[in-house]
Each structure stands twice: as structure tokens, then as C-alpha cells.
Amino acid sequence: LSSNQLSGEIPSEIGQLDGLGLVLLDLSANQLSGPIPSQLGQLSRLRFLDLSSNQLSGPIPSQLGQSGFLEVLDLSRNDLTGVVPSQLGQAGGLRKYLHISAERMFALILIMHFFQSQLDLLS
């Protein structure tokens, strides 16, 4: 669904897709706005989540750390604010890639957790 000129908010009902066994969700390079729904954390088999290059705002929901299989998370090129939740590092899944633009974000990360997961942190 990348680069399809999708607009509006990501619906909170997205968490109901867990029964489908969704492993990859790429909504990058659209015109999505509003907050990142915490219900994305209910996608228990999700391995790859790319929400980059949108107009998403607000904090990163700590619930994203509930997806124990999440390996790749790209939230860059948005208007996110707040603190990077420590749950992202504690989940043990983010082993490959995390990209968060820190333009307006106070990136207080528990680096120890990320290094233990052998994470390549790009910012």
C-alpha cells in the first residue's frame, strides 16, 4: 500500500487484522495523518512496519513493543513528538532496523536494551 496517495488517519480497527497473520505492513509515502494507533501493537505476527514519509503526529505508542516478532520499524519523515518508548527495546524483536527521525522528538532511548538486541539504530 506504499505510495498510493492514501490520506486520513490509520483506523484503530487495524488491530482486528491480527487473525489474518499479517507479517508486513508498508504504508509509507502516503498522506496519512494523525496519531499512530496503539492497536498496531495487537498485530502479534507483524515483522515489518513502515509508516515513513507521511504526516503522522504525536507520540510513538508503547504498544508497538508488544509485537514480539517486529524486526523492522521505520517511522522516519513524520512529525512525531515525545519520547521513544523503552518497550521498543525490551520487546526483543527489533533486531534489524529502527529508523526514527528525531526532528521534534526527544529521543530518550534505553540504549542498553537496543545494543543487547544488536540493533542498528539510524537517526
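Here are a few exercises with worked solutions on this predicted model.

**Exercise 1. Work out how far the confidence values support the model, and where they drop below 50.**

Step 1: Start with the whole chain. The mean pLDDT is 79, and 72% of the residues reach 70 or more.

Step 2: Now look for weak stretches. Over residues 105-113 the pLDDT falls below 50, though this stretch still makes 19 contacts in the model beyond near neighbours in sequence. Residues 115-123 are also below 50, with 22 contacts counted that way.

Step 3: Keep both stretches in mind when reading chain totals, since totals use all residues.

**Exercise 2. Describe the overall make-up of the protein chain: its helices and strands, and how much of it is buried.**

Step 1: Count the elements. You should get two helices and eleven strands.

Step 2: Put them in sequence order. The pattern reads β-β-β-β-β-β-β-β-α-β-β-α-β.

Step 3: Turn to burial. Of the 123 residues, 41% are buried. The chain exposes about 6,500 Å², and carbon and sulfur atoms supply 52% of that area.

Step 4: Check how far along the sequence the contacts reach. Among contacts with a separation of 6 or more, 55% are between residues 24 or more positions apart.

**Exercise 3. Find the order of the strands in the four-stranded open sheet, and say which strands stand at its edges.**

Step 1: Begin with β1, residues 7-8. Two bridges join β1 to β3, and the two strands run parallel. One pair to look at is glycine 8, which stands opposite leucine 32 in β3.

Step 2: Move on from β3. Two bridges also join β3 to β5, again in parallel. Here glycine 34 stands opposite leucine 56 in β5.

Step 3: Write out the full order. The open sheet is β1-β3-β5-β7, with parallel pairing.

Step 4: Pick out the edges. β1 and β7 (79-80) each have a single partner strand, so one side of each has no neighbour in the sheet.

**Exercise 4. Identify the residues that touch the most other members of the largest nonpolar core, then trace the contacts of leucine 40.**

Step 1: The core holds 20 residues, and Leu25, Leu40, Leu49 and Leu51 touch the most other members.

Step 2: Take leucine 40 and skip its neighbours within four places in sequence. What remains is contact with Ile14, Leu25, Leu49, Leu51 and Leu64.

Step 3: Compare the two lists. Leu25, Leu49 and Leu51 appear in both.

**Exercise 5. Locate the salt bridge and say which parts of the chain it links.**

Step 1: Search for pairs that meet the rule, a side-chain nitrogen of Lys or Arg within 4 Å of a carboxyl oxygen of Asp or Glu. The count comes to one.

Step 2: Name the partners. Glutamate 71 meets arginine 47, with 3.3 Å from N to O.

Step 3: Place them. Glutamate 71 is in the loop between β5 (55-58) and β6 (72-74), and arginine 47 is in the loop between β3 (31-34) and β4 (48-50), 24 residues apart.

Step 4: Classify arginine 47. Its relative accessibility is 36%, so it counts as partly exposed.

**Exercise 6. Say where serine 44 lies, and which residues it touches.**

Step 1: Serine 44 lies in the loop between β3 and β4. Its relative accessible area is 29%, so it is partly exposed.

Step 2: Leave out residues up to four places away in sequence. Serine 44 then touches Asp18, Ser67 and Phe69.

Step 3: Look at phenylalanine 69 in particular. Its C-alpha atom is 7.1 Å from that of serine 44, while the two residues are 25 apart along the chain.

Methods
Residues are numbered from 1 along each chain as its sequence is written. This is a predicted model: local features need pLDDT of at least 70, side-chain atom pairs count only at pLDDT 80 or more; totals for chains, interfaces and linings use all residues. Side-chain values use heavy atoms; hydrogens and water are left out. A nonpolar core is a set of buried Ala, Val, Leu, Ile, Met, Phe, Trp, Tyr and Cys residues joined through side-chain atoms within 4.5 Å. Buried means under 20% relative accessible area, exposed over 50%, partly exposed in between (1.4 Å probe, protein chains only). Contact means heavy atoms within 4.5 Å. Two strands pair if DSSP finds at least two bridges between them. Accessible areas come from the Shrake-Rupley method with a 1.4 Å probe; for residues, only the protein chains shown count as cover. pLDDT is the predictor's confidence in each residue, from 0 to 100.
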